[in-house]
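Student: I should like to take a close look at a single part of this structure. Please explain the terms as they arise, and then show me how that part relates to what surrounds it.

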Amino acid sequence: METHETDILIIGAGIVGIATAYYLKKLSPTQKVMLVDQGHPMAFTSAQSGENYRNWWPHPTMKAFTNHSIDLMEQIAVESDDLINMTRRGYLLATRETDITALINELNIGYGSEATDNIRFHNNDKHYQTPEQESWRRNPDGVDVLQNSALIHHLFPSLASDINNIIHIRRAGTISSQQMGQFMLEKFRAAGGKRVTGEVTSIKKDGNFKVTFKGADMSVSAAQIINAAGPFLNNICEMLGTSLPISNILHQKIAFPDKRGVVPRKLPFTIDLDPQHSDWSDEDRALLEEDPVHAWVTEKMPGAIHCRPEGGDNGNWVKLGWAFNETPSSTTLEPTFNENFPEIVLRGAARIQPSLKAYYDHLPREMVLYGGYY
């Protein structure tokens, strides 16, 4: 059996593994770094990404971490001449609540001593910069809090009229994660990094780590191992004689061409924070309630429904997501999706984007149901 030697072996060629490999070679060019995955790069969980980013976190450590990550992505955007299609229209966090003290407290905690300079409150649009431009270079940082329902309806007329408050996180937007992964992978290879394809079957520690692969007449000897196996993280941990207190939850999404043009192309990524009931007709609700298998879709559901345009100002696709599933599941390369999810998420998203009702029972045939493990 042929044995390859390396200083660092990274297991997992998703966005985390590729980014780790890229920055290791960039910051320490002389180190030997090898990247391994059983499939193609960016082909499993990373291929199901929502492709969103934000610095919205109610904790200063996480906020600093995500700000640094966004700094790095902006560097890649500059270096690659915007190959990663980075936009920055922000996140709209919408609620029907009139008292948002708890949300403001979270913002204050996240921004800490910088809160006063970064959190702006608006009862009119005099000093509010609308997200007309999608460029990350032209949009502001910080947070805008829109506290007037009439103002909200004036600025974002497609949203439901009962929205009373919006928190607009400005340093947030979208990227092409596939393009970013490809960019970093090419740089990694150009710097002398190695990539191999193989399914890790065992890891032994005898001085270095000896890693063997399924059906391959080769092994790798590595001084260090980085576990970037995503939802298969604990599979690798088991080979190392340990485990982590994590579980995998399958989250689903849909994407479809907005042929009727009901979602404005310049609308930021929008999240309905409020728990709610999906918008079923009285007849459908009665039928569902009688069915023990499907009755749950008529009950009160958690908030955080996602809606955003996809494909830029000149595109016409829309993405909808709703992470209401909280049940841990075993990880498989071919997860089974709920065939009813498209109608469930559509009727939830229509609560904040009423014009989506035009697609009730008429989602385009090109609609894609997909998802990944969190």
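Tutor: The greatest contribution to the lining of the largest cavity comes from strand S13, which gives three residues. (Strands, E, at least two residues, and helices, H or I, at least four, are DSSP runs numbered from the N terminus.) The model is predicted, so local features need pLDDT of at least 70 and side-chain atom pairs pLDDT 80 or more, whereas totals for chains, interfaces and linings use all residues. Residues are numbered from 1 along each chain as its sequence is written, and side-chain values use heavy atoms, without hydrogens or water.

The lining of the largest cavity consists of Leu250, His251, Gln252, Trp322, Ala323, Phe324, Asn325 and Phe341. Five of these residues are nonpolar, three are polar and none is charged. (Asp, Glu, Lys and Arg count as charged; Ala, Val, Leu, Ile, Met, Phe, Trp, Tyr, Cys and Pro as nonpolar; the others, Gly among them, as polar.) The largest cavity holds about 30 Å³ of space, and a search of the whole structure finds one cavity of 30 Å³ or more. (On a 1 Å grid over the protein atoms alone, a 1.4 Å probe fits in a cavity but cannot get out; a pocket is open, with protein on both sides within 12 Å along at least five of seven lines; lining residues have an atom within 4 Å of a point.)

Phe341 of this lining also appears among the buried residues of helix H9, together with Pro342, Glu343, Ile344, Val345, Leu346, Arg347, Gly348 and Ala349. (Buried means under 20% relative accessible area, with a 1.4 Å probe and protein chains only.) Because nine of the nine residues of H9 are buried, H9 is largely enclosed by the rest of the structure. S13 is one of the elements against which these buried residues pack, and the others are helix H8 (282–289), S15, S16 and strand S17 (368–373).

Trp322, another residue of the cavity lining, leads to the largest nonpolar core. That core has 38 residues, and those with the most contacts inside it are Leu146, Phe156, Ile166, Phe256, Leu320, Trp322 and Leu356. (Such a core joins buried Ala, Val, Leu, Ile, Met, Phe, Trp, Tyr and Cys through side-chain atoms within 4.5 Å.) Two or more of its residues come from each of strand S4 (91–95), helix H5 (149–155), S13 (250–257), strand S15 (305–310), strand S16 (317–322) and H9 (341–349). H9 supplies five residues, the largest share of this core.

Leu320 illustrates the packing. Apart from residues up to four places away in sequence, Leu320 touches (heavy atoms within 4.5 Å) Lys253, Ile254, Phe256, His306, Cys307, Val345, Leu346, Ala349 and Leu356. A second core, separate from this one, has 26 residues, including Ile18, Ile175, Met184 and Ala228.

S15, which contributes to the largest core, also gives the most to the lining of the second largest pocket, namely three residues. The volume of this pocket is about 400 Å³. (Volume is the space filled by probe spheres set on grid points joined across faces, edges and corners.) Its lining has 23 residues, of which Thr87, Glu134, Thr174, Arg308 and Gly312 are the closest to the centre. Strand S8 (172–174) and S15 are the elements that give two or more residues to this lining. Its residues divide into six nonpolar, nine polar and eight charged, whereas the lining of the largest cavity has no charged residues.

How values were computed
Buried means under 20% relative accessible area, exposed over 50%, partly exposed in between (1.4 Å probe, protein chains only).
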